[in-house]
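Let's take a walk through this model, going from ring to ring, then into the core and out to where the chains meet. Have the structure open as you read.

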Amino acid sequence: MNISSALFLLIGSFLCVSGGVGILRFPDFYTRMHAVGVTETLATAMILIGLMLQNPDGLVVLKLMIILLMTLFISPTASHALAQAAIHNDLMPELDKKEDNEKVKSSNP
Amino acid sequence: MLIAATIAILVVMIMAITRGIMGPTLYDRILAVNMFGTKTVLLISLLGFVMGRPEFLDIAIVYALINFISVIGVLRYSDSSIFKHSSQQKK
Amino acid sequence: MRHTIFLSLSLTAFWLLNSGHNTALMLSFGAISIAFVLYIAHRMDVVDHESQPLHLTLKLPGFYAWLIKEIILANFLVVKHIWLGNKTISPTMVTIKASQKTDIGKVIYANSITLTPGTVTVNLEGDQFMVHALLRESIEDLQAGEMDRRVTQLEN
């Protein structure tokens with residue numbers, strides 16, 4: 001077990017757990033979506049890079065790269081589809097108190 | 001470290017499924033299931049390395065695709081009435 | 001035509017990478033599958049410059065390098081606020097204006113916003129993007145327009 005791989009796996013696990021805490025802790029749907037975004041971008045990348053450093057076999061590294069690219073292309077599409085479905089069905093976000101919400105309400109279809 | 005990472009992913013999956021059970025809105029549940037699916041992909045890849053069988057990666061690729069299609073498939077029906085967020089529902 | 005050739009080449013590479021068998025039977029299965037996928041893609045009318053932006057190939061690496069840096073910074077910012085708790089976040093929803101002309105430029109911009117944790121494109125109408133952000137700072141960064149400028153540079 002080499003050190004760099006262990007380091008990447010450690011950071012990835014920490015980011016993943018942080019995202020998990022975020023999804024339990026944040027107050028509404030839209031903010032939870034950001035917590036999921038953390039686990040789907042950098043945490044996934046870190047863990048997969050950690051695995052790439054484990055095994056210098058070429059084909060395995062290529063497959064890990066395919067998984068990483070797929071995750072990075074899929075996750076924004078899925079989150080955008082989910083957010084759009086939520087806003088079209090009138091699920092309003094809990095906004096910060098200081099912000100005036102008039103603008104958002106008038107531009108909402 | 002591989003084992004530790006696997007346990008961390010399992011803990012995160014438990015957290016995601018907790019949010020899925022708690023809700024409170026339908027979208028939280030879909031979000032939680034989506035997250036559970038992507039973490040399953042990671043879990044399968046990690047398990048492949050823990051067991052010394054990198055062939056598991058093929059299954060992980062297929063799982064990533066199925067997970068994406070299932071989320072988009074569910075959202076195709078987002079115009080139907082069960083998706084309407086009623087104001088009586090507690091936020 | 002060159003989009004069809006590029007698609008079949010990438011599909012062939014993907015098959016060879018994942019199959020790992022070189023017998024005649026498996027290779028012919030591969031050829032049949034690729035032909036079938038090409039037929040479906042043509043029927044769906046998705047084989048064009050939008051599904052395969054070949055004209056962007058040279059400019060993309062620089063943009064990706066910048067985007068990865070932004071993603072890493074945004075990740076640590078969001079993680080910091082997860083552990084600091086709900087008092088420190090300021091969820092904001094604003095409509096911002098995109099300066100891209102083509103559809104593909106808008107899609108790249110919207111996807112880059114969504115891929116960066118802390119900001120999600122919620123709705124997209126014309127050149128108006130409705131963006132939800134976890135922190136007001138991230139919205140201010142977007143309104144400053146560096147990402148917008150870089151994507152616009154990309155499409156020209």
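A:Phe29 is buried, with a relative accessible area of 4% (buried means under 20%, exposed over 50% and partly exposed in between, using a 1.4 Å probe and protein chains only). A:Tyr30 is buried too, at 0%. These two rings, A:Phe29 and A:Tyr30, make an edge-to-face aromatic pair, with 5.1 Å from centre to centre and 70° between the planes. For such pairs, the rings of Phe, Tyr and Trp (its six-membered ring) must have centres within 6.5 Å; planes under 30 degrees apart are stacked, over 60 edge-to-face, and the rest tilted. Add B:Tyr27 and you have a cluster, linked to A:Phe29 and A:Tyr30 through ring pairs.

A word on the ground rules: this is a predicted model, where local features need pLDDT of at least 70 and side-chain atom pairs count only at pLDDT 80 or more, while totals for chains, interfaces and linings use all residues. Residues are numbered from 1 along each chain as its sequence is written, chains are lettered from A and ligands numbered from 1 in the order in which they are written, and side-chain values use heavy atoms, with hydrogens and water left out.

Over all chains, the count of aromatic pairs comes to six. One of them is A:Phe14 with C:Trp83, a stacked pair at 6.3 Å centre to centre and 10° between the planes. A:Phe14 sits in helix α1 of chain A and C:Trp83 in helix α3 of chain C, so this pair joins two chains (helices are DSSP runs of H or I, at least four residues, and strands are runs of E, at least two, numbered from the N terminus). Both rings are partly exposed: A:Phe14 has a relative accessible area of 44% and C:Trp83 has 41%.

Now for the core. Nonpolar side chains tend to be buried together in soluble globular proteins. Here the largest nonpolar core has 70 residues, and A:Phe29, A:Tyr30, A:Leu64, B:Ile9 and B:Leu46 have the most contacts inside it. By nonpolar core I mean buried Ala, Val, Leu, Ile, Met, Phe, Trp, Tyr and Cys residues joined through side-chain atoms within 4.5 Å. Among the elements that each supply at least two residues are α1 (3–25) of chain A, α2 (26–50) of chain B and β2 (119–125) of chain C. Apart from this core lies another, of 23 residues, including C:Phe63 and C:Ile104.

Back in the first core, look at B:Ile9: leaving out residues up to four places away in sequence, B:Ile9 touches A:Cys16, A:Ile47, B:Lys39, B:Leu42, B:Leu43 and B:Leu46 (contact means heavy atoms within 4.5 Å). B:Ile14, in helix α1 of chain B, counts as exposed at 55% relative accessibility. A:Lys63, in helix α3 of chain A, is buried at 10%. With the same sequence cut-off, A:Lys63 touches B:Leu57, B:Asp58, B:Ile61, C:Leu17 and C:Asn18.

How many residues of chain A are in contact with chain B? The count is 44 residues of chain A against 42 of chain B. Together, the two chains bury about 3,800 Å², 78% of it on carbon and sulfur atoms; buried area is the accessible area (1.4 Å probe) that two parts lose on being put together, summed over both. Two salt bridges are counted between chain A and chain B, each needing a side-chain nitrogen of Lys or Arg within 4 Å of a carboxyl oxygen of Asp or Glu. B:Asp28 forms a salt bridge with A:Arg32, with the closest N and O atoms 2.5 Å apart.
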